[in-house]
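Work through the exercises below with the structure open beside you. Try each task before reading its solution.

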Amino acid sequence: MGRLQNYWQGLQQHAGFAWNEFWFTPSSVRDLSILRIAVGVLALVWQLSFTADLQSWFGPQGWLDSGVVIEWNREQVTRTFSGRLSFLWAQQPAVLWAAHFAVTAVLLSFTCGLFTRATSVLSFLALLGYVHRAPFLGGAAEPVLTMLVGYLCVAPCGRYFSLDARRLRASLATANRLPLPSVSATIARRLIQVHLVMFYLVMFTTKLAGATWWNGEALWWLSVQPLVPSPDPSFLRSQPVILNFLTYVILISEFGVVMLSGNRWFRPLALGASTFSWCILAGLAGTWPLSATMLVANLVFWNAPTGEPSGTK
Amino acid sequence: MQNDTTRSLVSLAIILHLFCVFVGLFGNQSISTLQQRVQMVLTPYCRLLNLDPQFTAGFHLTHAMQFEDDHQFAVQLPGEPEAMVLPAGAIGPDLESLGFRRQRWRTLTQRTGLLAADGDDQAVAEVARALGETLFPQLDTRRFQFQIRRFQPPDLLGTAEVPEVFEESYETIYRADVLLDSAGKVRVHKQVEAAEAAQVRETTRETGR
C-alpha cells in the first residue's frame, strides 16, 4: 500500500513538473512575431480572394442568401444558438464593400504589427465572420488559418518586426531593459503545436480509411482532375510507381509530424519531409491553399535563433 | 505566472479547450453515441471558434469517390448551343486556379453535387432558386436549365485513354428547369429520368379507362 502511495505521489510530482515546464516556461516571442507576419499575409490573401464574389454571393442580390444557408444548415437552426455569427449578412452593397475593406485594413495592421493586441483579436473575429457566413464554402485550410490567428491573440506577437516595436523601442532604451521572455508566448506556441499535431493526426487517420492511400493511387485521383494545373496526365499515368511512391511519402510525412515533431533531433527530418510532401501536393494535386497554410503553420516548430530562451526543446 | 491559483485556472482552461478541439476534430468521422452526446453539448463553443470543421470532409484529400471529382454548374439558356459554365472565366487552369477562390468554387460545386447525388432535392433546388433570382434580372429570358456536371476521370491502371479535352468527360447528374413565373417568383422543377417519373395508367378517351 505504501509503495502504491509513493508511486502516485511520484507520478503526480513528475506530471505536474512536466506540465508546468511544457506550458509555463517563459520563452521568446521572436519566432511568433515571424509567424504573425506569415499568418497575416496568408489571411490577407484568403480574405481578398472573396473580393471577386463578394456581391454575387453575399450582396442583397447574392445567391448564397439566407434560403440557401438555412437549407444547408437544417440541423443547426433547430438549436437556440448555432455557433455561427457573421457581419456579412444581406447588406447594402456599399456597406458590404466598406466592411470587406475595413477587414483588409485590420489584417494589414495585424501583419505589420500595428496595435497588435487589438488587431489580432479583430482579425480573428473578422475571419470567423467570413467562415460563419457560408461554412459550406470552407475547405481544410480554413480551420487551420483561424486556429493560427486565434492563438496568436494570446501572445504578445507584435513585440518584434512590427510597427509597435518601433514605437516601443525608444521607451525600452530609456529604461535600459531588453524585452523579457513571456509565459503567454509559450502558451500560444504550445497551443498551436498541439492543435497542429491533432490536424495532422486527423489527416493521417482519415486517409487510412480509404483504399486509395493504401494502394498508392491517391495522388493520381487528385492530379487527374481537370481544374488542377498539374503536369500532363498521360505522362503521370506512364509513371505509376513514382505516383505510388509519392503517395506513400505524403502519408508517412504526416505520421512523421505526429510522432517526431516533439523530438529536437528528429523534428528537422519530420518537417523537411512534411515540406516536401506539401510541395508535391501543391504541384501535382493543386492543393495550393492548404499547402501554403500548412507550410506556414509548420513554422511554429522552427526555433528562431535568438539570445532569449526558446519555448521548444 | 508565479501565482499557483492562476496557473491552475489556466491549466484547467487549456485542458477543457483541447478537449473541445479533440471532440470537434475527431467527431466528424465515424461517431459513437457518447461522442455524439458530448459533441451536442460542445457544439456552440466549437462552431463559434471554428474548432469543428463541420462541412470539411476534405482532410483526407481523396478516397476516389465520385463526389470528390470536380463538378461544375452550367446554365443552359433556351436556343443557345453552349451552356454557360459557372464561375464564368474562372474555371480554367489559370493563375486564379492556384488560389483560395478556385478552391471555394470547387468545394461549393462538389458539395452541391453530393447533395444532388444523395437525392436532397430541396437543398439543391435552393441553390438553383437563388441562382435564378440573381441571374433573371440580367437575362432576357424567363427560363433556363440549371445543370450540375461531374467529371469522370480515367483509372490509373485502366485501358481507357486519358481524354485530351477534359470538358467532354463531364456527366450531367442533375437538371432542373428554373422559371420566373408571372408573379415574379422563381420556381424550380427538377427533371427526372422517364423511369423515375410517376407511372400513370394508359387511358383512352372513348372508355375513360
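## Exercises on a predicted model

**Exercise 1. Classify Ala64(B) by its accessibility, then look at its backbone.**

Step 1. Ala64(B) has a relative accessibility of 31%. The partly exposed class runs between 20% and 50%, so Ala64(B) counts as partly exposed.

Step 2. Locate the residue. Ala64(B) sits in the loop between H2 and E1 of chain B.

Step 3. Check phi. For Ala64(B) phi is near 55°, which is positive although the residue is not glycine. Most residues other than glycine have a negative phi.

This model is predicted, so keep that in mind for every step that follows.

**Exercise 2. Find out whether Asn50(B) is buried or exposed, and describe its setting.**

Step 1. Asn50(B) has a relative accessibility of 6%. Buried means under 20%, so Asn50(B) is buried.

Step 2. Place it. Asn50(B) belongs to the loop between helix H2 (33–48) and strand E1 (71–76) of chain B.

Step 3. Read phi. Asn50(B) is not a glycine, yet its phi is positive, about 60°.

**Exercise 3. Describe the make-up of chain B, and say where its model calls for caution.**

Step 1. Count the elements. Chain B holds four helices and five strands.

Step 2. Put them in order. Starting at the N terminus, they run α-α-β-β-α-α-β-β-β.

Step 3. Look at burial and surface. Chain B has 209 residues, and 44% of them count as buried. Its exposed area is about 11800 Å², with 53% supplied by carbon and sulfur atoms.

Step 4. Look at contacts. Take those in chain B between residues at least 6 apart in sequence: 56% of them join residues at least 24 apart.

Step 5. Check confidence. The mean pLDDT of chain B is 82, and 79% of the residues score at least 70. Among its elements, helix H1 (residues 4–26) has the highest mean, 94, and strand E2 (residues 84–86) the lowest, 83.

Step 6. Find the weak stretch. In chain B, pLDDT is below 50 over residues 90–95. Beyond near neighbours in sequence, that stretch has nine contacts in the model. Where pLDDT is low, predicted coordinates should not be read in detail.

Step 7. Add the scores for the model: ipTM is 0.90 and pTM is 0.90.

**Exercise 4. Explain why Cys153(A) forms no disulfide with Cys157(A).**

Step 1. Recall the bond. A disulfide is a covalent bond between the sulfur atoms of two cysteines.

Step 2. Compare distances. The cut-off is 2.5 Å. The closest cysteine sulfur to that of Cys153(A) is in Cys157(A), 7.7 Å away, so it is too far for a bond.

Step 3. Widen the view. Over all chains, the count by this rule is zero disulfides.

Step 4. Compare surroundings. Cys153(A) is buried at 14% relative accessible area, whereas Cys279(A) is partly exposed at 43%.

**Exercise 5. Compare the span of helix H6 of chain A with the expected span, then check its cover.**

Step 1. Helix H6 covers residues 116–133 of chain A, 18 residues.

Step 2. From first C-alpha to last, H6(A) reaches 25 Å. That is close to the 26 Å expected at 1.5 Å a residue.

Step 3. H6(A) is mostly covered, with 13 of its 18 residues buried.

**Exercise 6. Describe the surroundings of Glu254(A).**

Step 1. Glu254(A) is part of helix H13 (residues 240–260) of chain A.

Step 2. At 2% relative accessibility, Glu254(A) counts as buried.

Step 3. Leave out residues up to four places away in sequence. Glu254(A) then touches Tyr200(A), Met203(A), Phe204(A), Lys207(A) and Trp278(A).

Definitions and conventions
Residues are numbered from 1 along each chain as its sequence is written. Chains are lettered from A and ligands numbered from 1 in the order in which they are written. This is a predicted model: local features need pLDDT of at least 70, side-chain atom pairs count only at pLDDT 80 or more; totals for chains, interfaces and linings use all residues. Side-chain values use heavy atoms; hydrogens and water are left out. Helices (H or I, at least four residues) and strands (E, at least two) are DSSP runs, numbered from the N terminus. The expected span of a helix is 1.5 Å times one less than its number of residues. Buried means under 20% relative accessible area, exposed over 50%, partly exposed in between (1.4 Å probe, protein chains only). Contact means heavy atoms within 4.5 Å. Accessible areas come from the Shrake-Rupley method with a 1.4 Å probe; for residues, only the protein chains shown count as cover. pLDDT is the predictor's confidence in each residue, from 0 to 100.
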